[in-house]
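Trainee: Before we go through this model, could you show me how each label is justified by its value?
Mentor: Gladly; let us look at the structure and then take the terms in turn.

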There are 2 protein chains.
Amino acid sequence: MSSPASIGVVHAFPAPNRSLHGTLLDSLRTLINQGELAPGSRVPERALCQKFAVSRTPLREALKVLAAEDLVQLLPNRGARVASLDDAKLGHLFEVIGMLESEGGRLAAARIGAAALAEIKGMHYQMHAHFLRQELPEYFALNQAIHEAILSAAGNPVLMTMYFGLSGRIKRARYMANKMRPDRWQQAMDEHEAILTALCDREGERLAGLLVRHLANKRDIILEAVRVQAVSDRTSIP
Amino acid sequence: MSSPASIGVVHAFPAPNRSLHGTLLDSLRTLINQGELAPGSRVPERALCQKFAVSRTPLREALKVLAAEDLVQLLPNRGARVASLDDAKLGHLFEVIGMLESEGGRLAAARIGAAALAEIKGMHYQMHAHFLRQELPEYFALNQAIHEAILSAAGNPVLMTMYFGLSGRIKRARYMANKMRPDRWQQAMDEHEAILTALCDREGERLAGLLVRHLANKRDIILEAVRVQAVSDRTSIP
DNA sequence: CTTCCGAAGATTGCATTCAATACATCAAGA
DNA sequence: TCTTGATGTATTGAATGCAATCTTCGGAAG
C-alpha cells in the first residue's frame, strides 16, 4: 500500500528536509538519466558544485553511492566517469529485471488483495484510455505504475528496492525510446490486457510467463532505439 | 575472535592500491557482519576514525554507501546506526535471493560450458570430503563457492552483482549459524548432490526448483540460529 | 611532420575546520 | 521523588585547505 505513487515524474527538486548528498543523488541521477551527463564522459566535479551550490564533500559522497550502483565509474586519481550502457549490459539488466518481475508477479498473483487488484484495474483502464488517445507520456507513466503496483503486491520490500535500483539503471535507455511504432504499441497493450487477466485469475505461472515476454519486447524496443540513437550520435558529432 | 573494540590502530586490510573509502567499506562490512558493530547500535564515527587512522571524510563516504545498501541507517543529524535484521527482512532477502539463484540456475543449465561444469564438480567432491570429515568451515566455503560458480555460469554480471549484494546483507545472520545439526547437514549434502546432477543433465527447470528448496532449508536453519542468538542476547545483556 | 619530454596548471583524495544540532548534566520547582 | 528547564559539551553535516597526482601545452629532437 505504500505505493510511492510518484508516477513517472522525473524532476529533481531542491529538497528542504533532506541532506545535501541525498538531494544531490536525485539531481545527479536525473542528469545521467536524461543524458545531460553523457555516458562515458567525465563527471565535472567543480562545475557540478557550482551548479548546485554545494561544496565538493557532499557531491563526492553522492558519487561514491552512484559508483556503488554502477551508474558512474570511479577511476583512481582520475575522478568519475558516467558508466556507459552498451547493448550487452542492457541485456543483462533486462534479464535480471525479468527475473524479479516474473517471480514477483508469481508471488503477487498469490498474495494480492482485492483493494490492490482494484487499483491496478483502474490504472489499467486509464492507461487504455491514454492508448486510445495515443498519449504516449501518460501511457508510459501508467504503464510503469502498473508494473510497480504488481511487484508491490508481492509484499516484499527488498524486491521493490532491487527493482527500483535496476530500473533506475535503464532509465537512460528508456528515455531514448520516446516513440513507439503503432503495431508495437498495440501489442504491448494486448500484453497488458493478458497480464491483467492472469493477475485477476491468480494464475501465477501464466502471469510470470507473460511478464517475461512483455519485458523482452520492451527490451527489443529499447535496444532498437538505443542503436538508432547511437548511430545518429555518431553521424552528427564528428 | 580478537579482543573486542580495544583501541588499537588497525589497518584492517593490506590495501596498498585502493582508495581509503573502498578499504573502509570492506572493513566496516566485516565489522558489521561479524557483529562487532551490533545491529541497532550507533556507528561511532570518531572511534572508527581512530581505529582505522583515517579522517572522517572517507569514513563518511563509506557510510553513505553502506546506507544505500541498507546495511546502516542514516538519521539526520544523529549519525548512522547499524541496520537491524529481523525475521521479516531476512525472509524478504531470502525470497529475492531465491529468485536470483533459481532463475540464474536455469540460465546456467542452458549456458554452462564443460570447463565450468568440471570445476563445479571438482568443488562438489571436495566439499563432500569436508562433509565426511565434518569440517564445517571448509564445507561452508566450498558450498558458497559452488553456488557462486553456478550463478557465474549464467553469464550475467549484473546478476552476480545483485547476488553478492544480497548475500552480503545476510552474512551477519549466516555468521550466527556456525553449527549445523547432523540431519540438516546430511540433507543439505543430498540436495547438493541433486543440484549437481540436474546441472550436469542441463535440466534447468528441475535445477531451479532444487535451488529454491535448498535455499528455503538454509533460510530455516539461519532463522532458527538467529532466534536462538536473539534469545541468548536478551537473557545475558540486561 | 611526428614523437618525446617537461613544466605550469588543473583536478583529485583526504585532512582539517567551522557552524548547527543533538545529547548530557545538573539544578530548581512541583 | 519526579518532572522540567538551562547550560555546556559532543557529534554531526558541510566547507575549506593542502599535498599528491594527472592533464595540457609548448618546444626540442629525430
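Mentor: In this predicted model, the largest share of the surface near DNA strand C comes from helix 3 of chain B, which supplies three residues.

Trainee: What makes the pair formed by A:Arg60 and a phosphate oxygen of DNA strand C a polar contact?
Mentor: An N or O atom in the side chain of A:Arg60 is 2.6 Å from a phosphate oxygen of DNA strand C, and the cut-off for a pair of N or O atoms is 3.5 Å, so the pair is a polar contact.

Trainee: How do you know that the backbone of A:Asn77 qualifies too?
Mentor: A backbone N or O atom of A:Asn77 lies 3.5 Å from a phosphate oxygen of DNA strand C, and because the limit reads within 3.5 Å, this pair counts as a polar contact.

Trainee: Why is the pairing of B:Arg111 with A:Glu95 called a salt bridge?
Mentor: The closest N and O atoms of B:Arg111 and A:Glu95 are 2.6 Å apart; the rule asks for a side-chain nitrogen of Lys or Arg within 4 Å of a carboxyl oxygen of Asp or Glu, and therefore the pair is a salt bridge. The count between chain B and chain A is four salt bridges.

Trainee: Which part of chain B gives the largest share of the side that touches chain A?
Mentor: Helix 4 of chain B does, with 10 residues, and by class that side of chain B has 13 nonpolar, five polar and seven charged residues.

How values were computed:
Residues are numbered from 1 along each chain as its sequence is written. Chains are lettered from A and ligands numbered from 1 in the order in which they are written. This is a predicted model: local features need pLDDT of at least 70, side-chain atom pairs count only at pLDDT 80 or more; totals for chains, interfaces and linings use all residues. Side-chain values use heavy atoms; hydrogens and water are left out. A polar contact is a pair of N or O atoms within 3.5 Å; within protein, one must be able to donate a hydrogen and the other to accept it, and residues adjacent in sequence count only if both atoms are side-chain atoms. Helices (H or I, at least four residues) and strands (E, at least two) are DSSP runs, numbered from the N terminus. Ala, Val, Leu, Ile, Met, Phe, Trp, Tyr, Cys and Pro count as nonpolar, Asp, Glu, Lys and Arg as charged, and the others, Gly among them, as polar.
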